[in-house]
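Could you walk me through this protein in plain words? I am new to reading structures and would like a short tour of a few residues and how they sit in the fold.

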Amino acid sequence: MQIQCPFCAEIIDSNDAFCRYCSNKLLSPEKTPSSVSRRTAPLTSGHKSLLWIAVLIPLWGEIPVRLLAQSDTSYVWLFFLLNVIFFSIDEKWLKKSGYEPPTSWWILLIPVYLWKRGTVVGDGRGYFIVWWVAFVLSCLIF
């Protein structure tokens, strides 16, 4: 019998212990958390693309500033605002997909938001790690 994975919404065999697409362990229906069973739609590639753009803000946001040879810190607020906008959109998309996103206040602390998001969605810590690498590179290079 075929069922839908509660984590990624792909069609899989009901006898599988792990999803072959997202590698999440499949739970029996009585053990499935309510937050998993409420998921209505998988995260789209557009959503993931937007998230990668947001995660790389420390790098791509710094390039125009340096090309314009601006050395003041007034652009820090612009980067902060971009982060808040992108991650607010991410939060809304997670809610629409049936996930319970991290509290809105965590958007103000991007690394914490990404860590908590990885736990909620089950997609690991990749976004968190890449954000820190981009941040450190932007500090070292620029």
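Here is a short tour, from the overall layout down to single residues.

**The overall layout**

Keep in mind as you look around that this is a predicted model. The protein contains seven helices and two strands. Reading from the N terminus, the order of its elements is β-β-α-α-α-α-α-α-α. The protein has 142 residues, and 32% of them are buried. Now take the contacts between residues at least 6 apart in sequence: 48% of these join residues at least 24 apart.

**Four residues to find**

The table gives the place of four residues and their relative accessible area.

| Residue | Place | Relative accessible area |
|---|---|---|
| Ile12 | strand 2 (residues 11-13) | 0%, buried |
| Thr44 | loop between helix 1 (34-37) and helix 2 (45-55) | 46%, partly exposed |
| Lys116 | helix 6 | 34%, partly exposed |
| Arg117 | helix 6 (residues 110-121) | 1%, buried |

Start with Ile12 in strand 2. Ile12 counts as buried because its relative accessibility is 0%, and buried means under 20%. Setting aside residues up to four places away in sequence, Ile12 touches Met1, Gln2, Ile3, Cys5, Cys19, Tyr21 and Leu26. One of these partners, Met1, is 11 residues from Ile12 in sequence, with 8.5 Å between the two C-alpha atoms.

Next comes Thr44, in the loop between helix 1 and helix 2. Its C-alpha atom is 9.5 Å from that of Trp93, although the two residues are 49 apart along the chain.

**Neighbours in helix 6**

Is Arg117 buried or exposed? Arg117 is buried, since its relative accessible area is 1%. Beyond residues up to four places away in sequence, Arg117 touches Leu43, His47, Leu51, Asp90, Leu94, Pro102, Gly122, Asp123 and Tyr127.

Lys116 is also found in helix 6, but Lys116 is partly exposed at 34%. Once neighbours within four places in sequence are left out, Lys116 is in contact with Pro102 and Trp106. Pro101 is 15 residues from Lys116 in sequence, and their C-alpha atoms are 8.1 Å apart.

**Rings and a charge**

How many aromatic pairs does the structure hold? There are six aromatic pairs in the structure. One of them joins Trp115 and Phe128 in an edge-to-face arrangement, with 5.0 Å from centre to centre and 75 degrees between the planes. Trp115 belongs to helix 6 and Phe128 to helix 7 (residues 126-141), so this pair ties together parts that are 13 residues apart in sequence. Trp115 is partly exposed, with a relative accessibility of 41%.

Trp115 has a charged partner too: the charged end of Arg125 sits over the ring of Trp115, 3.9 Å from the ring's centre. Elsewhere in the chain, Trp131, Trp132 and Phe135 form one aromatic cluster.

**A pocket to explore**

Finally, look for the second largest pocket, which holds about 260 Å³ of space. It is lined by 14 residues, and those closest to its centre are Phe7, Cys8, Leu43, Lys48 and Val121. Sorted by class, the lining has eight nonpolar, two polar and four charged residues. You have met Leu43 before, as one of the residues that Arg117 touches.

How values were computed. Residues are numbered from 1 along each chain as its sequence is written. This is a predicted model: local features need pLDDT of at least 70, side-chain atom pairs count only at pLDDT 80 or more; totals for chains, interfaces and linings use all residues. Side-chain values use heavy atoms; hydrogens and water are left out. Helices (H or I, at least four residues) and strands (E, at least two) are DSSP runs, numbered from the N terminus. Buried means under 20% relative accessible area, exposed over 50%, partly exposed in between (1.4 Å probe, protein chains only). Contact means heavy atoms within 4.5 Å. On a 1 Å grid over the protein atoms alone, a cavity is a set of points where a 1.4 Å probe fits but cannot get out, and a pocket is an open set with protein on both sides within 12 Å along at least five of seven lines; lining residues have an atom within 4 Å of a point. Grid points are joined across faces, edges and corners, and a volume is the space filled by probe spheres set on the points. Ala, Val, Leu, Ile, Met, Phe, Trp, Tyr, Cys and Pro count as nonpolar, Asp, Glu, Lys and Arg as charged, and the others, Gly among them, as polar. Rings of Phe, Tyr and Trp (its six-membered ring) pair if their centres lie within 6.5 Å; planes under 30 degrees apart count as stacked, over 60 as edge-to-face and the rest as tilted. A charge sits over a ring if NZ of Lys or CZ of Arg is within 6 Å of the ring centre and within 35 degrees of the ring normal.
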